[in-house]
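Grab a pencil and try these short exercises. Each one comes with a worked solution.

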Amino acid sequence: MIDKKIAELINEQVNKELYSAYLYLDFANYFEEQNLDGFANWYIIQAEEEMDHAMKMRQYLIDNEVPVKLDAIAKPNKKFKTYMDVLKAGYEHEQYVTSLINTIYDAAFDAREYKTMQFLDWFVKEQVEEEKNAKDMIEKMKIFGGDAKGLYNLNNEMKARTKE
Ligand code: FEO
């Protein structure tokens, strides 16, 4: 078993990770409409990774005999004017997710629940990567996204992303 409050937070995080998948799928849909299939691919892979995060959290609850409760997933309601708006929204979202992971970690630390702290270590490390990837997209768009050829090459780079 695990601490009740921590179990609730992890259960909420299952929902948040599923929302992240939904959000990135929405980003992918936006880029499909813009005929940028590489960017769409990048966010589809991202959505799949978020599903994996949700499943890791779910499995941890099950392994600790906590019943998992699924809640409604919020509707993504972002409206974008530019490609950069999407990339920035992704970066802000990852910063938010990092804060959520930190909140669960704080609770595990306060409860001296070492196994949950160890479980969360993977997510702490993952969030460094998630924020870096999102920030890199912004920087690349700043440098290369200003003209058609640069955007074409960037789109091709994004198309090459595969699931790890
Ligand atoms: Fe599940 Fe993008 O963090």
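Helices here are DSSP runs of H or I with at least four residues, and they are numbered from the N terminus. The model is predicted: local features need pLDDT of at least 70, side-chain atom pairs count only at pLDDT 80 or more, and totals for chains, interfaces and linings use all residues. Residues are numbered from 1 along each chain as its sequence is written, and side-chain values use heavy atoms, with hydrogens and water left out.

**Exercise 1.** Work out which side chain asparagine 155 makes a polar contact with.

*Solution.*
- Start with the location: asparagine 155 sits in helix α5 (residues 148–159).
- Next, check exposure: at 6% relative accessible area, asparagine 155 is buried (under 20%; exposed is over 50%, partly exposed in between, with a 1.4 Å probe and protein chains only).
- Finally, find the partner: the asparagine 155 side chain makes its polar contact with the side chain of aspartate 37, at 2.9 Å (N or O atoms within 3.5 Å, one able to donate a hydrogen and the other to accept it; sequence neighbours count only if both atoms are side-chain atoms).

**Exercise 2.** Find the salt-bridge partner of aspartate 52.

*Solution.*
- Apply the rule: a Lys or Arg side-chain nitrogen must lie within 4 Å of an Asp or Glu carboxyl oxygen.
- The partner is lysine 163, with the closest N and O atoms 2.9 Å apart.
- Aspartate 52 belongs to helix α2 (residues 37–63) and lysine 163 to the segment after α5, so the pair ties together parts 111 residues apart in sequence.
- Aspartate 52 is partly exposed at 34%, and lysine 163 is partly exposed at 38%.

Key. Helix = DSSP H or I, 4+ residues; strand = E, 2+ residues; numbered from the N terminus.
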